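Here are my notes on the model you sent over. Have it open while you read.

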Amino acid sequence: MATQTTKRIGQRPVKKPVSKLDTLHDTWTVMKPFVHFSIKAVKVIAHALIFIVKHIPKPEEHKPARGKNDKIIKI
């Protein structure tokens with residue numbers, strides 16, 4: 001037969017002590033999706049910043065070309 005456990009009013013059930021490993025495992029299972037999302041978000045931001053920095057025009061590109069237009073006209 002199955003054993004019966006009787007509960008008495010005013011007594012709390014005995015709790016099993018929680019180990020540090022159990023706590024860390026539970027914490028990791030809860031935080032894992034957030035960690036993966038934040039890593040992907042940081043990668044997207046980093047790639048965007050690299051793209052922006054690579055496409056900033058260089059100062060030497062804005063200098064006027066020396067050629068036919070170097071004549072000065074005085075009126």
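The points below go from the whole chain to the helix and then to a surface patch.

1. Keep in mind that this is a predicted model. The fold is quickly told: the protein chain has one helix and zero strands.

2. How much of the chain counts as buried? Of its 75 residues, 0% do. The accessible surface of the protein chain is about 8800 Å², and carbon and sulfur atoms account for 65% of that.

3. The helix, α1, fits the same picture: the number of buried residues among its 35 is zero, so α1 lies largely in the open.

4. I checked the length of α1 too. With 35 residues at 1.5 Å each, α1 should span 51 Å, and the 47 Å between its end C-alpha atoms agrees with that. Do look at Met31, though, where α1 has a kink of about 45 degrees. The proline Pro33 comes shortly after that kink.

5. There is a nonpolar patch on the surface, about 620 Å², made by Ile45, Leu49, Phe51, Ile52, Val53 and Ile56. Of these, Ile56 sits in the segment after α1, which covers 20-54. Ile56 counts as partly exposed because its relative accessibility is 48%, and the cut-off for exposed is over 50%.

Definitions and conventions:
Residues numbered from 1 in each chain as written. Predicted model: local features only at pLDDT ≥ 70, side-chain atom pairs only at ≥ 80, totals over all residues. Heavy atoms only, no water. Patch = residues over 30% accessible without salt bridge, like charges linked within 9 Å, V, L, I, M, F, W, Y side chains within 5 Å. Areas by Shrake-Rupley, 256 points an atom, 1.4 Å probe, with all protein chains shown as cover. Salt bridge = Lys/Arg side-chain N within 4 Å of Asp/Glu carboxyl O. Helix = DSSP H or I, 4+ residues; strand = E, 2+ residues; numbered from the N terminus. Buried < 20%, exposed > 50% of the residue type's maximum accessible area, 1.4 Å probe, protein only. Expected span 1.5 Å × (residues − 1). Bend = angle between axes of the 7 residues up to and from the residue.
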